[in-house]
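User: I would like to learn how to read a structural model feature by feature. Could you give me the general idea each time and then turn to the case at hand?

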Amino acid sequence: MDNFLTEKTLRNIQIMHANTKRLKNRRIWIDLACHISFLYDIYCLMRNTAAMVNVSDDDMTIEEWEEFIMLSNKFLGTEFGLSDFCVDPDKNADEAIIYYQTYKKLLKIFDGGIFKAAVAEKLFEEMYNDMDESCVPMIMNHYYSKIAEQILSYMCEKIDYNTFKQNVLAIKLIPNQGPINGTMLKNMIKTGQESVLRYIAILRSQKAEAL
């Protein structure tokens, strides 16, 4: 990790070290990208859990579920069983409410400065509707959101570089997953840039409509 994300590089995103216009703008851009990633992950959890309330276990046969689980375990290195995929409407409904309350609370907390709640909600809806059935973008953003959370903590100087590095390297979505590398970081930066550009486009559009 030290090869592509050094302490010297990261130090410039901290508030006290972002002392030039270029560094301040860069910090604002990264801050926005991290907030989008972090909150969009909760938005996806909220939408997906709510959608599961109306899903029936009868949509797939037992044989189809067993085949799906076998392939998942082989590909992901997991040890899922049939019971892990049984739908409990009451449990999903409760979880959906918790995700909704958390999402709305954080949306209100983050609202201010360049982060506008109305713009973010429009962006999240568009991003969610754009996803294909593979859900790969959602899974990757879940991983990115965990890193974004650590970046935000480091930016605000809540943690030092060594703690940041340890926390990021410990993030794993599946067993035996390798640590973040240069390619993964580039993809994360690209995803963040794309989401910020889409956010800014919506922000400008809403401002133009308000004139």
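**Reading the model, from one residue outward**

Analyst: Tyr40 is a good place to begin, because with a relative accessible area of 4% it falls under the 20% cut-off and is buried. Bear in mind throughout that this is a predicted model.

User: In which element is Tyr40 found, and which residues is Tyr40 in contact with once its neighbours within four places in sequence are left aside?

Analyst: Tyr40 belongs to helix α2, and, with those sequence neighbours set aside, its contacts are Phe124, Met127, Tyr128, Met131 and Asn141. A separation along the chain can be set beside one in space: Tyr40 and Tyr103 are 63 residues apart in sequence, while their C-alpha atoms are 8.9 Å apart. For the chain as a whole, among contacts between residues at least 6 apart in sequence, 74% join residues at least 24 apart.

User: What does the chain come to in terms of helices and strands, and what percentage of its residues count as buried?

Analyst: The secondary structure comes to 8 helices and 0 strands, which read along the sequence as the pattern α-α-α-α-α-α-α-α. Of the 211 residues, 35% count as buried.

User: How should I think about the nonpolar cores, and which residues touch the most other members of the largest one?

Analyst: The general idea is that in soluble globular proteins, nonpolar side chains tend to be buried together. Here the largest nonpolar core has 29 residues, of which Ile36, Leu39, Tyr40, Tyr103, Phe115, Phe124 and Tyr199 touch the most other members. The elements that contribute two or more residues to this core are α2 (21-52), α4 (89-110), α5 and α8, and α2 gives the most, with 10 residues. Apart from this core lies another, of 22 residues, which include Leu5, Leu10, Ile147 and Ile171. To follow one member of the largest core in detail, take Phe124, which touches Ile36, Leu39, Tyr40, Tyr43 and Tyr103 when residues up to four places away in sequence are not counted.

User: How do I read the packing of two helices, and at what angle do α5 and α8 pack?

Analyst: Two packed helices are described by the angle between their axes and the distance between the axes. Helix α5 (residues 117-130) and helix α8 (residues 182-210) pack at about 125°, and their axes are 9 Å apart. That angle makes α5 oblique to α8, and their crossing is right-handed. On the α5 side the contact is made by Ala118, Val119, Ala120, Lys122, Leu123, Glu126, Met127 and Asp130, and on the α8 side by Ser195, Arg198, Tyr199, Ile202, Leu203 and Gln206. Sorted by character, the residues of this contact divide into 8 nonpolar, 2 polar and 4 charged.

User: At what angle do α6 and α8 pack, and how do the residues of that contact divide?

Analyst: The helices α6 and α8 pack at an angle of about 85°, with 11 Å between their axes, and that makes α6 roughly perpendicular to α8. The contact is made by Tyr143, Tyr144, Ile147, Ala148 and Ile151 of α6 together with Met184, Asn187, Met188 and Thr191 of α8; the residues divide into 7 nonpolar, 2 polar and no charged.

User: Is Tyr144 buried or exposed, and which residues does Tyr144 contact beyond its neighbours within four places in sequence?

Analyst: Tyr144, which lies in helix α6, counts as buried at 8% relative accessibility. Beyond those neighbours, Tyr144 is in contact with Ser37, Met184, Asn187, Met188 and Thr191, and its C-alpha atom is separated by 9.6 Å from that of Asn187, 43 residues apart along the chain. Ser145, also in helix α6, is buried at 2% relative accessibility and, with neighbours within four places again left aside, is in contact with Ser37, Phe38 and Asp41.

User: What should I look for in the backbone angles, and what is the phi of Glu157?

Analyst: Most residues other than glycine have a negative phi, and most peptide bonds are trans. Glu157 has a positive phi of about 60° although it is not a glycine. Glu157 sits in the loop between α6 (136-155) and α7 (161-169) and is partly exposed, with a relative accessible area of 38%.

How values were computed:
Residues are numbered from 1 along each chain as its sequence is written. This is a predicted model: local features need pLDDT of at least 70, side-chain atom pairs count only at pLDDT 80 or more; totals for chains, interfaces and linings use all residues. Side-chain values use heavy atoms; hydrogens and water are left out. Axes are lines fitted to C-alpha atoms, for helices over the stretch in contact, and angles run from 0 to 180 degrees between N-to-C directions. Helices (H or I, at least four residues) and strands (E, at least two) are DSSP runs, numbered from the N terminus. Angles under 35 degrees count as roughly parallel, over 145 as roughly antiparallel, 65 to 115 as roughly perpendicular and the rest as oblique. A crossing is left-handed if the near helix is turned anticlockwise from the far one by less than a right angle, and right-handed if clockwise. Contact means heavy atoms within 4.5 Å. Ala, Val, Leu, Ile, Met, Phe, Trp, Tyr, Cys and Pro count as nonpolar, Asp, Glu, Lys and Arg as charged, and the others, Gly among them, as polar. A nonpolar core is a set of buried Ala, Val, Leu, Ile, Met, Phe, Trp, Tyr and Cys residues joined through side-chain atoms within 4.5 Å. Buried means under 20% relative accessible area, exposed over 50%, partly exposed in between (1.4 Å probe, protein chains only).
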